[in-house]
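Biologist: Hi! I have the structure open and would love a quick tour. Can we start with something odd and work outwards?

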Amino acid sequence: MAEQLVNEFTVNRPIDEAWAVITDVERIAPCLPGAQLQEIEGDVYRGIVKVKLGSISPQFKGQATFDERDDAAHRAVLKAEGRDTGGRGNAAAEITAHAESLSPTSTKVVVSTDLHITGKVAQFGRGIIGDVSKKLMAQFADNLNEMLDEQPIAEDGARNDSSATPDGD
């Protein structure tokens, strides 16, 4: 099953600050409901994504990498693939994100996803994946903006995080 999904959301930050955050996979992963980043090895991000699709809740274990990233044009392509830990199928996605400035303090992000699902998960998910995708993206945007409101970004783009230790990591 292949599906093209297009979602958009607004980030309450100027475009350069917004782009720095949305391309920081480690920082935004907790904002995506059901996602858990487990390991970063170079440019490879590994983890689990659990999604409720009707009567089933497949949990995909896999990895993602940036295939393209153009910070000047505010465009990035992320390739992701995963296998359902219950053996019910596989998923692969090419996710393209593009940001555009709405105002000096807000940025619109358009996310296009080419999603390919195989196995039993594809049967259960047909027809509801678009709805689930919209809900997840809305929750992600809410969580992202809430995180940004709690942790302001300094002028130089560095995180202003009072919980950081003086000697760094």
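Modeller: Happy to. Let's start with His 74, which counts as buried because its relative accessibility is 11%, under the 20% limit. Keep in mind that this is a predicted model.

Biologist: Where does His 74 sit?

Modeller: His 74 is in the loop between strand E4 (59-70) and strand E5 (75-84).

Biologist: And what is its phi?

Modeller: Phi of His 74 is near 55°, a positive value in a residue that is not glycine. Most residues other than glycine have a negative phi.

Biologist: Good to know. How many helices and strands does the chain have?

Modeller: There are four helices and seven strands in the protein chain. Going from the N terminus, the order is β-α-α-β-β-β-β-β-β-α-α.

Biologist: What share of the chain is buried?

Modeller: Of the 169 residues in the protein chain, 36% are buried. As for contacts between residues at least 6 apart in sequence, 53% join residues at least 24 apart.

Biologist: Tell me about the core. Which residues touch the most other members?

Modeller: In the largest nonpolar core, which has 19 residues, those are Phe 9, Val 11, Val 109, Phe 140 and Leu 144. Strand E1 (2-11), helix H1 (15-22), strand E7 (106-118) and helix H4 each give two or more residues to this core. H4 gives the most, with six residues.

Biologist: What does Val 109 touch?

Modeller: Leaving out residues up to four places away in sequence, Val 109 touches Asn 7, Glu 8, Phe 9, Val 11, Ile 22, His 98 and Ala 99. Apart from that core lies another, of 13 residues, including Ala 91, Ala 93, Ala 122 and Ile 129. As a general point, nonpolar side chains tend to be buried together in soluble globular proteins.

Biologist: Back to H1 for a second. Why is it described as largely enclosed?

Modeller: Six of the eight residues of H1 are buried, so the rest of the structure largely encloses this helix. The buried ones are Ile 15, Glu 17, Ala 18, Trp 19, Val 21 and Ile 22.

Biologist: Glu 17 is in that list. What does its side chain meet?

Modeller: The Glu 17 side chain meets that of Arg 13 in a salt bridge, at 3.5 Å from N to O. Arg 13 is buried too, because its relative accessible area of 13% is under 20%.

Biologist: How many salt bridges are there in the whole structure?

Modeller: A search finds nine. One of them joins the side chains of Glu 39 and Arg 46, at 3.4 Å from N to O. Those two are linked with Glu 41 in a network of salt bridges.

Biologist: Are Glu 39 and Arg 46 buried, exposed or in between?

Modeller: Glu 39 is partly exposed, with a relative accessible area of 36%, and Arg 46 is partly exposed at 25%. Another salt bridge has the side chains of Lys 108 and Glu 100 at 3.9 Å, N to O. Glu 100 counts as partly exposed, at 33% relative accessibility.

Biologist: Now H4. How long is it?

Modeller: H4 has 22 residues and spans 31 Å from its first C-alpha to its last, close to the 32 Å expected at 1.5 Å a residue. Its buried residues include Phe 140, Leu 144 and Asn 145.

Biologist: An Asn in there? What does the side chain of Asn 145 reach?

Modeller: The Asn 145 side chain reaches the backbone oxygen of Thr 10 at 2.9 Å. Asn 145 has a relative accessible area of 10% and is buried. Setting aside residues up to four places away in sequence, Asn 145 touches Thr 10, Val 11 and Asn 12.

Biologist: And Asp 142, also in H4: buried or exposed?

Modeller: Asp 142 counts as exposed, at 53% relative accessibility. Its C-alpha is separated by 9.8 Å from that of Leu 32, although the two are 110 residues apart along the chain.

Biologist: Last thing: where does pLDDT stay under 50?

Modeller: That is residues 155-169, for which the model has seven contacts beyond four places in sequence. Over the protein chain, pLDDT averages 87, and 88% of the residues score at least 70.

Conventions. Residues are numbered from 1 along each chain as its sequence is written. This is a predicted model: local features need pLDDT of at least 70, side-chain atom pairs count only at pLDDT 80 or more; totals for chains, interfaces and linings use all residues. Side-chain values use heavy atoms; hydrogens and water are left out. Buried means under 20% relative accessible area, exposed over 50%, partly exposed in between (1.4 Å probe, protein chains only). A polar contact is a pair of N or O atoms within 3.5 Å; within protein, one must be able to donate a hydrogen and the other to accept it, and residues adjacent in sequence count only if both atoms are side-chain atoms. Contact means heavy atoms within 4.5 Å. A nonpolar core is a set of buried Ala, Val, Leu, Ile, Met, Phe, Trp, Tyr and Cys residues joined through side-chain atoms within 4.5 Å. The expected span of a helix is 1.5 Å times one less than its number of residues. A salt bridge is a side-chain nitrogen of Lys or Arg within 4 Å of a carboxyl oxygen of Asp or Glu. pLDDT is the predictor's confidence in each residue, from 0 to 100.
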